Amino acid sequence: MAKNLHGFEIDAPAVAGQDKILTEVALEFLAGLERKFGARRRALIDDRAVLQQKLDAGATLDFLPETADIRAGDWKVRPVPADLQDRRVEITGPVDRKMVINALNSGASAFMADFEDSNTPTWENQINGQINLIDAHNRTISFTDPKTGKDYQLKPNPAVLLVRPRGLHMEEKHLKIDGQYMSACLFDFGLYLFHNKNAAVYFYLPKMESHHEARLWNDILVYAEDALGLDRGTIRVTVLIETIPASFQMDEILFALKDHIVGLNCGRWDYIFNFIKRFAKHEGTVLPDRGDVTMTCHFLRSYSLNLIKTCHRRGAHAMGGMAAQIPIKNDEEANRKALEKFVADKEREARDGHDGTWVAHPGLVEKAREIFDRAMPKDNQIDKPLPEINITAQDLLAIPEGKITEEGLRKNINVGLLYLKSWLSGSGCVPIYNLMEDAATAEISRTQLWQWRRNKAHLADGRVIDDALMRQFLKQEAEQLQAQGNDRYLQDAIALFDDLVMAETLAEFLTTKAYDMVIGYERAHGY
């Protein structure tokens with residue numbers, strides 16, 4: 001479907017129900033957002049590239065001297081709304097209709113519906129996702145599985161709904177406004193807000209890298225509230241601290257958003273990915289096997305504790321991160337070990353002072369709730385100040401010890417290829433080897449491989465990870481997957497992953513080129 005209306009150019013396959021989402025007044029609201037903030041968003045993405053150039057040249061990160069007064073000041077964020085006071089267990093997942101119902105019914109305190117890392121942004125996914133979330137917001141959502149005939153209905157007292165739009169770096173390539181692609185974050189945010197403004201609306205904001213980006217978002221929220229006639233603070237947000245620059249600016253991010261923000265979240269997987277990416281050319285910052293980079297490592301534990309201290313000082317929630325484990329059927333021993341890791345992770349979070357945590361699977365909601373119920377008898381732990389914690393730049397930048405093994409290298413390739421195949425086929429959240437993988441975890445695999453090759457790191461057996469060795473492993477792992485079944489998505493995943501890992505320059509996001517391929521599929525063949 002191609003459509004041109006008052007400066008809007010839509011070039012996308014027709015999706016049932018899209019006319020009630022893309023109404024003329026909704027498009028006018030989107031256009032207002034884009035015309036007001038699109039250029040500023042693009043300039044801030046350019047600022048990220050400038051920072052990367054400095055880091056590539058040997059610079060490092062530290063707390064900002066120019067914002068010392070904000071860090072020293074005695075201020076708090078706007079009080080947290082009543083229905084967000086208790087967030088002890090949050091579940092996350094894509095905006096698929098059945099998944100939305102299951103997540104809302106899971107017994108979790110809140111559900112983060114995700115247009116970002118667990119979603120492939122096909123036009124069908126974006127439009128259906130908005131339709132599903134309107135029905136979820138109104139508590140009218142239902143679904144009948146066409147394969148099984150099973151009916152899914154919403155139970156009483158479902159989880160509180162929060163929505164994560166895409167990051168500032170992405171564009172919505174199905175829609176142009178005044179000849180320019182729409183900012184993906186404004187598309188997702190704007191449509192959900194416009195159609196659900198009859199009550200308070202809650203968002204998660206991803207991949208923020210600076211307090212300047214937080215100020216942009218605050219200005220977006222103020223503009224949107226004014227444009228729609230909403231009271232200040234009707235829109236409330238939680239910010240994911242999932243980049244290393246943002247970990248040095250948590251006070252500043254809270255301050256910039258203080259009329260709208262309710263908390264920060266330890267987005268651990270994107271954080272690890274961003275740490276690798278920002279210091280990819282620093283030989284001394286090479287990380288070991290992904291499996292050894294856990295939240296007990298000093299740099300990650302420091303980031304987690306500092307987030308708790310910062311949030312509680314400002315009256316905001318400090319949310320724990322995602323444990324990727326999922327229940328394992330038909331293997332009792334493997335399931336026991338996975339559950340042990342999950343329990344240890346959640347007990348650490350609750351003991352340290354986090355106000356809640358994330359799970360990826362409904363089967364782990366009850367266990368996470370038990371752990372937080374024991375450690376946190378009240379709605380939250382905001383009154384736990386952690387005065388003894390004083391985190392330095394050295395703490396946040398400490399490199400964990402560990403080995404790079406052939407098994408770890410091969411697993412990065414294998415997981416990266418399997419995930420990318422799934423993403424290209426339209427599914428951005430997929431269980432692989434008993435872990436729930438999304439774009440962030442695949443990015444760790446991809447950037448680690450690039451960093452190891454770029455810095456000629458050594459395997460534990462002494463071999464140098466040079467171009468020849470990397471090409472050998474890439475070829476072998478690809479052939480092994482092709483022998484199990486080959487299709488266009490796997491073929492394209494192999495070609496794209498090889499290109500990303502062997503490139504001279506490390507790409508900012510694997511999903512950028514992958515999204516262009518998805519657009520090509522839609523225009524050439526459809527899904």
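Which residues are buried in helix 17? The tour of this predicted model starts there and then moves to neighbouring selections.

**Stop 1: helix 17**

Select residues 467-483, the 17 residues of helix 17. The buried positions are Leu469, Met470, Phe473, Leu474, Glu477, Ala478 and Leu481. They lie on the same side of helix 17, because the arc they cover around the axis is only 160°. Now turn to the other side of helix 17, where Ala468, Lys475 and Ala483 are exposed.

To see what the buried residues pack against, add helix 15 (406-424), helix 16 (439-454) and helix 18 (488-502) to the selection. Next, place a distance marker between the end C-alpha atoms of helix 17: they are 24 Å apart, which agrees with the 24 Å that 17 residues should span at 1.5 Å a residue. Beyond the helix, select Gly485, which follows helix 17 and has a positive phi near 145°.

**Stop 2: helix 15 and Leu409**

Proceed to helix 15, one of the helices against which the buried residues of helix 17 pack. Of its 19 residues, 14 are buried, so helix 15 is largely enclosed by the rest of the structure. Its end C-alpha atoms are 27 Å apart, in agreement with the 27 Å expected for 19 residues at 1.5 Å a residue. Just after helix 15 comes Gly426, with a positive phi of about 110°.

Within helix 15, select Leu409. Is this residue buried or exposed? With a relative accessible area of 0%, Leu409 is buried. Display its contacts beyond four places in sequence: Leu409 touches Leu449, Trp452, Leu459, Ile465, Met470 and Phe473. Met470 and Phe473 are among the buried residues of helix 17 from the opening stop. For Trp452, show the C-alpha atom as well: it is separated by 9.2 Å from that of Leu409, although the two residues are 43 residues apart along the chain.

**Stop 3: strand 10 and its parallel partner**

Select residues 201-205, which form strand 10. Five of its five residues are buried, so strand 10 is largely enclosed by the rest of the structure. Displaying the side chains separates two directions: Val201, Phe203 and Leu205 point one way, Tyr202 and Tyr204 point the other way, and all are buried.

Add strand 11 (residues 235-241), which runs parallel to strand 10 and is joined to it by five bridges. Opposite Val201 stands Ile235 of strand 11. Which helix completes the β-α-β unit with these strands? Select residues 211-227: this is helix 7, and together with strand 10 and strand 11 it makes a right-handed unit.

**Stop 4: the hairpin of strands 8 and 9**

Select strand 8 (residues 171-177) and strand 9 (residues 180-183), which run antiparallel and are joined by four bridges. One pair to label is Lys176 with its bridge partner in strand 9, Tyr181. Two residues lie between the strands of this hairpin, and Asp178 takes a positive phi near 55°.

**Stop 5: the cysteines**

Finally, select the cysteines. How many disulfides does the structure hold? The structure holds zero disulfides. Cys297 is in no disulfide, and the nearest cysteine sulfur, that of Cys266, is 14 Å away. Cys297 counts as buried because its relative accessibility is 11%, under the 20% cut-off. Cys185 likewise counts as buried, at 1% relative accessibility.

How values were computed: Residues numbered from 1 in each chain as written. Predicted model: local features only at pLDDT ≥ 70, side-chain atom pairs only at ≥ 80, totals over all residues. Heavy atoms only, no water. Expected span 1.5 Å × (residues − 1). Buried < 20%, exposed > 50% of the residue type's maximum accessible area, 1.4 Å probe, protein only. Arc of directions from axis to C-beta. Contact = heavy atoms within 4.5 Å. Disulfide = S-S within 2.5 Å. Pairing = 2+ DSSP bridges. Right-handed = clockwise from strand over helix to strand, strands pointing away.
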